Amino acid sequence: MRHGRVRPTGETVRKRRDDIGNDLTPQEEQIAYLALEGRTAHEIGAQLFISSRTVEWHLRKVFSKLAITSRRGLREALPDRPGRS
């Protein structure tokens with residue numbers, strides 16, 4: 001299936017822009033910011049009702065998209081959230 005076409009359900013498939021290779025999904029962004037706050041995979045999983053293994057999987061995707069190798073890189077790679085300093 002090509003991007004931008006309508007799926008049989010009537011849902012439009014989101015176009016992927018090649019120039020923005022580090023777009024995070026809303027869930028990846030939420031997990032990344034929770035990790036930035038210092039929460040463990042277990043704590044993040046409990047808060048979001050997902051397993052810690054799923055949290056770790058998402059974090060690996062985040063690291064890849066942001067071209068970082070660990071949680072340490074999140075501080076520089078992520079913009080400040082509105083309402084936070």
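**Lys-61, its salt bridges and helix α3**

User: What is the relative accessible area of Lys-61?

Analyst: This is a predicted model, in which local features need pLDDT of at least 70, side-chain atom pairs count only at pLDDT 80 or more, and totals for chains, interfaces and linings use all residues. Residues are numbered from 1 along each chain as its sequence is written, and side-chain values use heavy atoms, leaving out hydrogens and water. Lys-61 is partly exposed (buried means under 20% relative accessible area, exposed over 50%, partly exposed in between; 1.4 Å probe, protein chains only). Its relative accessible area is 29%.

User: Which side chain meets that of Lys-61 in a salt bridge?

Analyst: A salt bridge is a side-chain nitrogen of Lys or Arg within 4 Å of a carboxyl oxygen of Asp or Glu. For Lys-61, the N to O distance is 3.2 Å and the partner is Glu-28. This pair joins distant parts of the chain, 33 residues apart: Lys-61 lies in helix α3 and its partner in helix α1. At 0% relative accessibility, the partner counts as buried; it is Glu-28.

User: Which residue is linked with Glu-28 and Lys-61 in a network of salt bridges?

Analyst: Glu-28 also meets the side chain of Lys-65, at 2.8 Å from N to O. That pair spans 37 residues, again between helices α1 and α3. The network of Glu-28 and Lys-61 therefore includes Lys-65.

User: Within what arc do the buried residues of α3 fall?

Analyst: The buried residues of α3 are Val-55, His-58, Leu-59, Val-62, Phe-63 and Leu-66. On the other side, Arg-53, Arg-60 and Ser-64 are exposed. Seen down the helix axis, the buried residues line one face, because they fall within an arc of 145 degrees.

Methods. Helices (H or I, at least four residues) and strands (E, at least two) are DSSP runs, numbered from the N terminus. The arc is that of the directions from the helix axis to the C-beta atoms.
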